[in-house]
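Thanks for coming. I will go through one structure today, starting with a pocket and then moving to the sheets. Please have a look at it first.

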Amino acid sequence: MGNGTSRLYSALAKALNSSAASQHPEYLVSPDPEHLEPIDPKELLEECRAVLHTRPPRFQRDFVDLRTDCPSSHPPIRVMQWNILAQALGEGKDNFVQCPVEALKWEERKCLILEEILAYQPDILCLQEVDHYFDTFQPLLSRLGYQGTFFPKPWSPCLDVEHNNGPDGCALFFLQNRFKLVNSANIRLTAMTLKTNQVAIAQTLECKESSRQFCIAVTHLKARTGWERFRSAQGCDLLQNLQNITQGAKIPLIVCGDFNAEPTEEVYKHFASSSLNLNSAYKLLSADGQSEPPYTTWKIRTSGECRHTLDYIWYSKHALSVRSALDLLTEEQIGPNRLPSFNYPSDHLSLVCDFSFNEEPDGLL
């Protein structure tokens with residue numbers, strides 16, 4: 001290996017040490033990215049594939065062209081939404097009965113997650129269930145040019161798992177060569193005036209090419225059946241916060257999240273009918289443009305098989321257009337043992353969309 005590759009391998013190997021943060025508290029302090037040597041994404045991708053050489057190749061997914069107008073004068077904004085599955089929960093709580101224990105080992109699963117990110121090269125990355133932010137994602141992604149923010153859950157279930165790596169939470173990354181941070185808000189969601197264990201991050205960014213501003217938000221709402229009204233209240237609280245941040249929809253908005261809610265739930269309906277004028281991007285893949293995908297998560301637990309649509313990318317339809325969206329894995333690709341697997345690192349599928357600003361956003365900007 002050449003010197004560059006050796007340095008890269010060293011960086012990857014250091015990030016693979018999942019106990020680094022708990023053994024060395026100084027790792028929890030975000031290092032100054034100016035003092036970190038940049039990494040070539042192609043080289044990092046090759047290193048990940050070298051670690052994964054005994055696993056089956058990653059699935060092929062294609063982008064669906066959804067453009068209905070002339071090409072934009074600026075490059076599109078690629079946004080990735082993904083619940084990556086917290087390592088502590090995957091190994092210690094989630095009971096994926098059809099998933100081999102070896103498939104959940106962090107040393108390799110981490111590389112599968114990075115491979116997915118590197119393959120699609122998002123400009124903005126919105127993640128849930130991140131419990132390896134400080135020792136893995138922040139150090140590596142900062143060297144790829146991203147600026148990151150992490151907001152952990154106040155009472156993360158990861159902390160109940162022996163040998164955990166700290167709390168899980170939401171993370172938001174954006175490429176610094178494309179965007180400038182205007183402001184940032186960490187939001188602890190409330191329900192019926194009570195502070196809850198769920199969080200969101202909302203950031204206003206300015207595009208360096210066009211000087212246009214927009215708000216990007218990431219969230220993860222309360223899980224489980226029986227908590228529908230709770231999720232609905234959390235969603236209303238988030239919408240109110242976003243209403244204030246976007247000055248009543250004057251600033252275009254993209255909201256990514258694991259809502260833990262099917263499209264039939266009240267919280268989905270709140271977002272679909274909000275005065276923020278939002279549309280769900282993945283509906284555009286359907287034949288009528290009005291139907292969500294049949295699933296975004298598919299797993300088998302001790303309680304049985306779970307196939308649900310829970311993950312969404314919402315956007316301001318008056319100000320933004322979806323130029324393309326990444327198609328989902330087919331049932332055949334997912335396989336009979338469902339997710340996660342040796343092929344795919346999470347029980348949730350990543351969602352990826354390319355956005356562009358509308359040239360004439362109906363006078364709302």
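What volume does the largest pocket have? About 870 Å³. Before going on: this is a predicted model, in which local features need pLDDT of at least 70 and side-chain atom pairs count only at pLDDT 80 or more, while totals for chains, interfaces and linings use all residues. Residues are numbered from 1 along each chain as its sequence is written, and side-chain values use heavy atoms, with hydrogens and water left out.

A pocket here is an open set of points on a 1 Å grid over the protein atoms alone, where a 1.4 Å probe fits, with protein on both sides within 12 Å along at least five of seven lines; lining residues have an atom within 4 Å of a point. Grid points are joined across faces, edges and corners, and the volume is the space filled by probe spheres set on the points.

The largest pocket is lined by 34 residues, and the closest to its centre are Lys222, Ala223, Arg224, Asn260 and Arg301. By type, the lining has ten nonpolar, ten polar and 14 charged residues. Nonpolar means Ala, Val, Leu, Ile, Met, Phe, Trp, Tyr, Cys and Pro; charged means Asp, Glu, Lys and Arg; the others, Gly among them, are polar. At least two lining residues each come from strand 7 (194-207), helix 7 (228-245), strand 11 (297-301) and strand 12 (304-308). Helices (H or I, at least four residues) and strands (E, at least two) are DSSP runs, numbered from the N terminus.

Now the sheets. Strands of a sheet pair through backbone hydrogen bonds, either parallel or antiparallel. Two strands count as paired if DSSP finds at least two bridges between them.

One open sheet has seven strands in the order 1-14-15-2-3-5-4, with mixed pairing. Strand 1 (63-65) and strand 4 (146-152) are at the edges with a single partner strand each, so one side of each has no neighbour in the sheet. Within this sheet, strand 3 (124-130) and strand 5 (169-175) pair in the antiparallel sense over five bridges, and Leu127 has Ala171 in strand 5 as its bridge partner.

Another open sheet has six strands, in the order 6-7-8-9-13-10, and its pairing is mixed too. Which strands stand at its edges? Strand 6 (179-191) and strand 10 (278-280), each with a single partner strand. Strand 6 and strand 7 pair in the antiparallel sense over eleven bridges; Leu181 has Leu205 in strand 7 as its bridge partner.
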